[in-house]
Amino acid sequence: MSNWIIYSIGFIAQIMFSSRLVVQWITSERQKKVITPTLFWTLSLFASFLLFVYGYLREDFAIMLGQGLTYFIYIRNLQLKGEWAKFPWFLRYFLLIVPVLISIFYFNNNVIDRDILFKNEDIPLWLLVLGIVSQITFTLRFVYQWIYSEVKKESLLPLGFWLLSLSGSLLILTYAIYRKDPVLFLGHGLGSIIYTRNLFLIRKSNVKNVSK
């Protein structure tokens, strides 16, 4: 597959990821506190699907790992908001089955692809480790958010989510620079700004609550 098609898939995914943050940001600015609209999770799910495919086509395990770990958390948040059941049944099955089929094909039926994935000459071992650590850090934000939301019985984005988001995003930006990956650089460059802004809104809201 030609590089322009692969990069197009990646850029569309990052545009959707950035759009979810812009939507969340604008909604939060209007309410003067951190808000999580349903559209945030819908865009997250479709963007994650595309970025998972992008990682597969780029033979980049770090990207696939990051998206694989958060993919079903997006679905769970849509369930908590009562939106997942509103998706057409065929779309729900498609989104659930395709990533699983790709993973099964990769790791059970195609040894050559698996070797390329972990022994990519363009990604030295230290850079692969950095990418994996970055993605795990970035992914932990949604694991934390998932547990927090399950306890509260509603979809929420607490302070810890934004702290992990900023830390993970800065690490991925470092990875993107060494990997020379414009898709990751574009997405996490904008994301870092919005994560910082949300932390400021939370701090401002907390100060107001204390002063009351």
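Buried, in these legends, means under 20% relative accessible area. Everything below refers to a predicted model.

**Figure 1. An all-helical chain, seen whole.** The protein chain has eight helices and zero strands, so reading along the sequence just gives α-α-α-α-α-α-α-α. Of its 212 residues, 44% are buried. The chain exposes about 11000 Å², and carbon and sulfur atoms supply 68% of that area. Take the contacts between residues at least 6 apart in sequence: 74% of them join residues at least 24 apart. The close-ups that follow pick out some of these spots.

**Figure 2. Trp-41 and Tyr-74, a ring pair between helices H2 and H3.** Searching the whole structure turns up 17 aromatic pairs. In the one shown here, Trp-41 and Tyr-74 sit 6.2 Å apart, centre to centre, with 45 degrees between the planes, and the pair is classed as tilted. Trp-41 belongs to helix H2 (residues 38-57) and Tyr-74 to helix H3 (residues 61-80), with their positions 33 residues apart in sequence. Are these two residues buried or exposed? Trp-41 is buried, and Tyr-74 is buried as well.

**Figure 3. Phe-138 and Tyr-195, with an arginine over one ring.** Here is another tilted aromatic pair: Phe-138 and Tyr-195 are 6.3 Å apart centre to centre, and their planes make an angle of 55 degrees. This pair links helix H6 (residues 125-152), home of Phe-138, to helix H8 (residues 182-211), home of Tyr-195, and the two residues are 57 apart in sequence. Both Phe-138 and Tyr-195 are buried. Look at the face of Phe-138 too: Arg-141 lies over it, 3.7 Å from the ring centre. Zoom out a bit and both rings turn out to be part of one aromatic cluster, made of Phe-40, Trp-41, Tyr-74, Phe-138, Phe-142, Phe-161, Trp-162 and Tyr-195.

**Figure 4. Ser-28 and Asn-198, a buried contact between H1 and H8.** Ser-28 is in helix H1 (residues 3-31), while Asn-198 is in helix H8. How much relative accessible area does Ser-28 have? The value is 0%, so Ser-28 counts as buried. Asn-198 is likewise buried, at 0%. Not counting residues up to four places away in sequence, Ser-28 touches Lys-33, Val-34, Ile-35, Asn-198 and Leu-201. Leu-201 is 173 residues from Ser-28 in sequence, yet the C-alpha to C-alpha distance is 8.4 Å. With the same four-place neighbours set aside, Asn-198 is in contact with Gln-24, Ser-28, Val-34 and Trp-162.

**Figure 5. Met-16 on helix H1.** Met-16 is found in helix H1. Its relative accessibility is 18%, so Met-16 counts as buried. Beyond residues up to four places away in sequence, Met-16 touches Leu-43, Phe-46, Ala-47 and Leu-50. Thr-42 is 26 residues away in sequence, with 9.7 Å from C-alpha to C-alpha.

**Figure 6. Salt bridges between distant parts of the chain.** Side chains of opposite charge can pair when their charged atoms come close. The count here comes to four salt bridges.

- Glu-29 pairs with Arg-197, and their closest N and O atoms are 2.5 Å apart. This one joins helix H1 to helix H8 across 168 residues of sequence. Arg-197 is partly exposed, at 26% relative accessibility.
- Arg-58 meets Asp-181 at 3.2 Å, N to O. Arg-58 is in the loop between H2 and H3, and Asp-181 is in the loop between helix H7 (159-179) and H8, so the pair ties together parts 123 residues apart in sequence. Arg-58 is buried at 17% relative accessible area, and Asp-181 is buried at 2%.
- Glu-150 pairs with Arg-76, with 2.5 Å between the closest N and O atoms. Because Glu-150 lies in helix H6 and Arg-76 in helix H3, the pair ties together parts 74 residues apart in sequence. Glu-150 is partly exposed at 22%, and so is Arg-76 at 27%.

**Figure 7. A nonpolar patch on the surface.** Phe-72, Trp-89, Phe-90, Tyr-93, Ile-97, Val-100, Leu-101 and Ile-104 make a nonpolar surface patch of about 830 Å². Which helix gives the largest share of the patch? Helix H4 (residues 89-109) does, with seven residues. Val-100 is found in that helix, H4, and counts as partly exposed at 38% relative accessibility.

Note on methods:
Residues numbered from 1 in each chain as written. Predicted model: local features only at pLDDT ≥ 70, side-chain atom pairs only at ≥ 80, totals over all residues. Heavy atoms only, no water. Patch = residues over 30% accessible without salt bridge, like charges linked within 9 Å, V, L, I, M, F, W, Y side chains within 5 Å. Areas by Shrake-Rupley, 256 points an atom, 1.4 Å probe, with all protein chains shown as cover. Salt bridge = Lys/Arg side-chain N within 4 Å of Asp/Glu carboxyl O. Helix = DSSP H or I, 4+ residues; strand = E, 2+ residues; numbered from the N terminus. Buried < 20%, exposed > 50% of the residue type's maximum accessible area, 1.4 Å probe, protein only. Phe/Tyr/Trp six-rings, centres within 6.5 Å; stacked < 30°, edge-to-face > 60°. Lys NZ or Arg CZ within 6 Å of the ring centre and 35° of its normal. Contact = heavy atoms within 4.5 Å.
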